Amino acid sequence: MPPRTPRTRAPIERIGLTVLREIVESIVVGDYQPETPMPTEAVLSDQFGVSRTVVRESMKRLQEKGMVTVAQGRGTSVNPRTSWNMLDPLVIEALVQNDETLKVLDDLSATRAALEAEMASAASRTRDDEGLTALREALAAMTENIADSAAFREADVRFHHTVMAMSGNGLAENIARVLVAHAIGSDRFTGHDPAHSFELTLGEHERITEAIAAGEPDAARSAMRAHIVDSWERRREPDNA
C-alpha cells in the first residue's frame, strides 16, 4: 500500500483570521448585543471547530479593535459601537458590507467631504509645480478614460490621493485613504451611474483643480465638498434613499 499523503491544513494564522472576521461581522449585525456577555471560549471553540487558543487570540484582537472588553474572571462582554475602532480594516469592511440602510455610507461620505474639503483648501495654499503637475496628469487620465469606467475610477482615486498628499496633513491623509479604500470596494457605494455622471464628475474635478492652482482656499474647499456630496447623491440607490 502506498504511503498516505498527509492532509493539507490551513495555517493557524489563516484559521484565526477567518474566526476573527466572522465574529466581527456577528457583532456588527447584532448577533451579539452591546453590554451583553459573549459565549464562553468552550462554546466558541465548538461553534467554529477551532482550539481555545485560537478563540482566545481572537478575543484579544477584538479587544484591540475596541469591540469587546475582556475581564479576568468575568468573561468577555460586547462594547457599544461608539467604542469600536471604525478605521480598523475588518471593522469598517463589516460595517460597509452590512450597511442595509446606507447610513454607514452616508456618514462615510459626509466625513470624507469634511476631511478632503479641508485638505483641498490646504493644498491650494501649499501648492507647488510638482503637485500641480501630478494633479493635472490625473485629471487628464480621467478625461482620456471617460468611456472606461474602471480606468476612470482609478484616475479619480489618484486625483484624490494627489490632493491629500499636496495638503501636507499626514494624519488626515491616512484617515481619508482608509475611507476611500473601503468605500470604492463596496458595490453599494459604487451604486449606479446615471446618464452623464462621469462628465459631471470630471467637471467637478476641473473646478477643484482650478481653485487649487489659483491659490483660492475657500473655492477649493467648497468645490471638493460639493463634489463628494453630490457624487454620492448621484450614485446612491434611490430605493434605499
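Phe 152 and Phe 198 are both buried. The model they belong to is a predicted one. The structure holds one aromatic pair, and these two residues form it: their rings are stacked, with 4.3 Å from centre to centre and 10° between the planes. The pair joins distant parts of the chain, since Phe 152 lies in helix 7 and Phe 198 in helix 10, 46 residues apart.

From Phe 198 the reader can move on to the rest of helix 10. This helix runs over residues 197–213, which makes 17 residues; at 1.5 Å a residue they should span 24 Å, and the end C-alpha atoms are indeed 24 Å apart, so the two values agree. Phe 198 is one of the buried residues of helix 10, which also include Ser 197, Thr 201, Leu 202 and Gly 203. Further along helix 10, Glu 204, His 205, Ile 208, Thr 209, Ala 211 and Ile 212 are buried as well. The buried residues of helix 10 pack against four helices: helix 5 (103–126), helix 6 (129–144), helix 7 (149–167) and helix 11 (217–235). After helix 10 comes Gly 215, which has a positive phi, near 70°.

Helix 11 can be read in the manner of helix 10. Its 19 residues should span 27 Å at 1.5 Å a residue, and this agrees with the 27 Å between its end C-alpha atoms. The buried residues of helix 11 are Ala 220, Ala 223, Met 224, His 227, Ile 228, Ser 231, Trp 232, Arg 234 and Arg 235. Viewed down the axis of helix 11, these buried residues fall within an arc of 160°, so they line one face of the helix.

Charged side chains give another route through the model, which holds 11 salt bridges. One of them connects helix 11 to another helix: the side chains of Glu 118 and Arg 221 meet at 2.9 Å, N to O. This pair links distant parts of the chain, with Glu 118 in helix 5 and Arg 221 in helix 11, 103 residues apart. Glu 118 has a relative accessible area of 40% and is therefore partly exposed. Arg 221, at 23% relative accessibility, also counts as partly exposed. The two residues belong to a network of salt bridges that links Glu 118, Asp 218 and Arg 221.

Helix 5 has a salt bridge within itself too. Here the side chains of Arg 112 and Glu 116 meet at 2.8 Å, N to O. Because Arg 112 and Glu 116 are four residues apart in helix 5, about one helical turn separates them. Arg 112 counts as buried because its relative accessibility is 9%, and Glu 116 is buried with a relative accessible area of 2%.

A similar layout is found in helix 8, which covers residues 170–184 and contains Glu 173. The side chains of Glu 173 and Arg 177 form a salt bridge of 3.1 Å, N to O. Both residues lie in helix 8, four residues apart, or about one turn of the helix. Is Glu 173 buried or exposed? At 18% relative accessibility, Glu 173 counts as buried, because the cut-off for buried is under 20%. Its partner Arg 177 is partly exposed, with a relative accessible area of 35%. Leaving aside residues up to four places away in sequence, Glu 173 touches Met 119, His 161, Met 164 and Ala 165.

Conventions. Residues are numbered from 1 along each chain as its sequence is written. This is a predicted model: local features need pLDDT of at least 70, side-chain atom pairs count only at pLDDT 80 or more; totals for chains, interfaces and linings use all residues. Side-chain values use heavy atoms; hydrogens and water are left out. Helices (H or I, at least four residues) and strands (E, at least two) are DSSP runs, numbered from the N terminus. The expected span of a helix is 1.5 Å times one less than its number of residues. Buried means under 20% relative accessible area, exposed over 50%, partly exposed in between (1.4 Å probe, protein chains only). Contact means heavy atoms within 4.5 Å. Rings of Phe, Tyr and Trp (its six-membered ring) pair if their centres lie within 6.5 Å; planes under 30 degrees apart count as stacked, over 60 as edge-to-face and the rest as tilted. The arc is that of the directions from the helix axis to the C-beta atoms. A salt bridge is a side-chain nitrogen of Lys or Arg within 4 Å of a carboxyl oxygen of Asp or Glu.
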